[in-house]
Amino acid sequence: MIIKERKIPLSILKLQALLRRLPPTHPKIPIILSELHKREAGYRGECAIDFPLSFLEPKDYFIFHDIRLQDQTRFFQIDTLMLSQKFILIIEVKNIAGSLYFDSTFNQLIRTKDGIESAFADPLLQIERQESQLKKWCIKYGMVEPPIYSLVVISNPQTIIRTNPENRNLQYKVIHRDTLPTKIQQIENSIKQSNLSDKELKKMIKNISKHHSEADFPILQRFDLTKKDMIKGVLCEKCSMSPLLRRSRVWICSRCETESKDAHIRALRDYYLLLGPTITNRQLREFLSISSSASATRILRSMNLPSEGMNKGKVYHLPFENEKG
């Protein structure tokens, strides 16, 4: 049973919104695109294990995708966390093409692709650290801790996995995605008795759900940008023209003549992702490039937004919280 569904990460949504709001010639676009492509590749890799996991018996396993918890001192993120009455399984997904060499001497991962070698952090050290942090998290909340296992899953079936002859244990920790159900069954069969009661399992599921915290960060600050760098106005969904003109409560594109009554919602979603969850009448007028305070008020009222304060100090809460995991 999937307890926490997989969703497009907030980091990807923010990067996409940022690219929509920067001029095509902005000098920061190449590094933002590079970051976006890297994160999208990682997300595609994580999605690639959904099919193998679908072969598991739903009533026996409780699955959390993209979970982020805090031990005594720091946060840690797990691609997929699986619970059963017998064990916990941490799954770290790597979507890396080419030939991978796990160097156990220097604890690094070396990728060879198109004749070029690149070094990556050792994912085996990563899952070892995740195991340690998850154990601390269980202690923090006073939960019974069943055996914790961890796997590095290579999501690209064409990726070649190699290591030095002495590293005989690699086959137990690094697998291709299609062998995931078999590996889970092997772990299941190796444990003869349950380690968690129904009550203890439900408590752990409840605590993980309660204490998950989506990773968030100020995207403009990360790339040393300000509001002045951004394109203002409502963008045309069809041709990306900005700003759309507002006439008789309808948004009109002067380039392709597309009309929309709710194009401002997409723009305010960009505002939410880039600038924050609250907005005032003045901030809305500035971001949507409209001059009329009355028009801004009508837009805000039409969205039935929760608000606080009065008159010019009134602050509205944008309704895009479900963008977060």
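**Exercises on helices and pockets**

In this structure, the buried residues of helix 1 make their packing contacts with helix 2, helix 8 (219-222) and helix 9. The model is predicted.

**Exercise 1. Decide whether helix 1 is enclosed by the rest of the structure or not, and name its buried residues.**

Step 1. A residue is buried when its relative accessible area is under 20%.

Step 2. In helix 1, this applies to L10, S11, I12, L13, K14, L15, A17, L18 and L19.

Step 3. Nine of the eleven residues of helix 1 are therefore buried, so helix 1 is largely enclosed by the rest of the structure.

**Exercise 2. Describe how helix 9 and helix 10 are placed relative to each other, and which residues make their contact.**

Step 1. Helix 9 covers residues 263-275 and helix 10 covers residues 281-288. Their axes come within 11 Å and cross at roughly 110°.

Step 2. Angles of 65 to 115 degrees count as roughly perpendicular. Helix 9 and helix 10 are therefore roughly perpendicular to each other.

Step 3. On the helix 9 side, the contact is made by H264, A267, L268, D270, Y271 and L275. Helix 10 contributes Q283, L284, F287 and L288.

Step 4. Sorted by class, this contact of helix 9 with helix 10 has seven nonpolar residues, two polar and one charged.

**Exercise 3. Characterise the largest pocket by its volume and its lining.**

Step 1. The volume of the largest pocket is about 1100 Å³.

Step 2. Its lining has 36 residues, of which K38, R39, G42, E46 and K94 are the closest to the centre.

Step 3. Several elements give two or more residues to this lining, among them helix 1 (10-20), helix 2 (29-47), strand 2 (62-70), strand 3 (75-83) and helix 4 (123-140). Helix 2 provides the largest share, seven residues.

Step 4. By class, the lining of the largest pocket divides into 15 nonpolar, nine polar and twelve charged residues.

**Exercise 4. Do the same for the second largest pocket, and state which helix gives the largest share of its lining.**

Step 1. The second largest pocket holds about 280 Å³ of space.

Step 2. Among the 15 residues that line the second largest pocket, R20, L235, E237, R266 and D270 are the closest to its centre.

Step 3. Helix 1 and helix 9 each supply at least two residues of this lining. The largest share, six residues, comes from helix 9.

Step 4. The lining of the second largest pocket consists of six nonpolar, two polar and seven charged residues.

Step 5. D270 thus appears in two solutions: in the contact of helix 9 with helix 10, and in the lining of the second largest pocket.

Note on methods. Residues numbered from 1 in each chain as written. Predicted model: local features only at pLDDT ≥ 70, side-chain atom pairs only at ≥ 80, totals over all residues. Heavy atoms only, no water. Axes fitted to C-alpha atoms, helices over the stretch in contact; angles between N-to-C directions. Helix = DSSP H or I, 4+ residues; strand = E, 2+ residues; numbered from the N terminus. Parallel < 35°, antiparallel > 145°, perpendicular 65-115°, else oblique. Contact = heavy atoms within 4.5 Å. Nonpolar A, V, L, I, M, F, W, Y, C, P; charged D, E, K, R; others polar. 1 Å grid on protein atoms, 1.4 Å probe; cavity = no way out; pocket = protein on both sides within 12 Å on 5 of 7 lines; lining within 4 Å. Points joined across faces, edges and corners; volume = space filled by probe spheres on them. Buried < 20%, exposed > 50% of the residue type's maximum accessible area, 1.4 Å probe, protein only.
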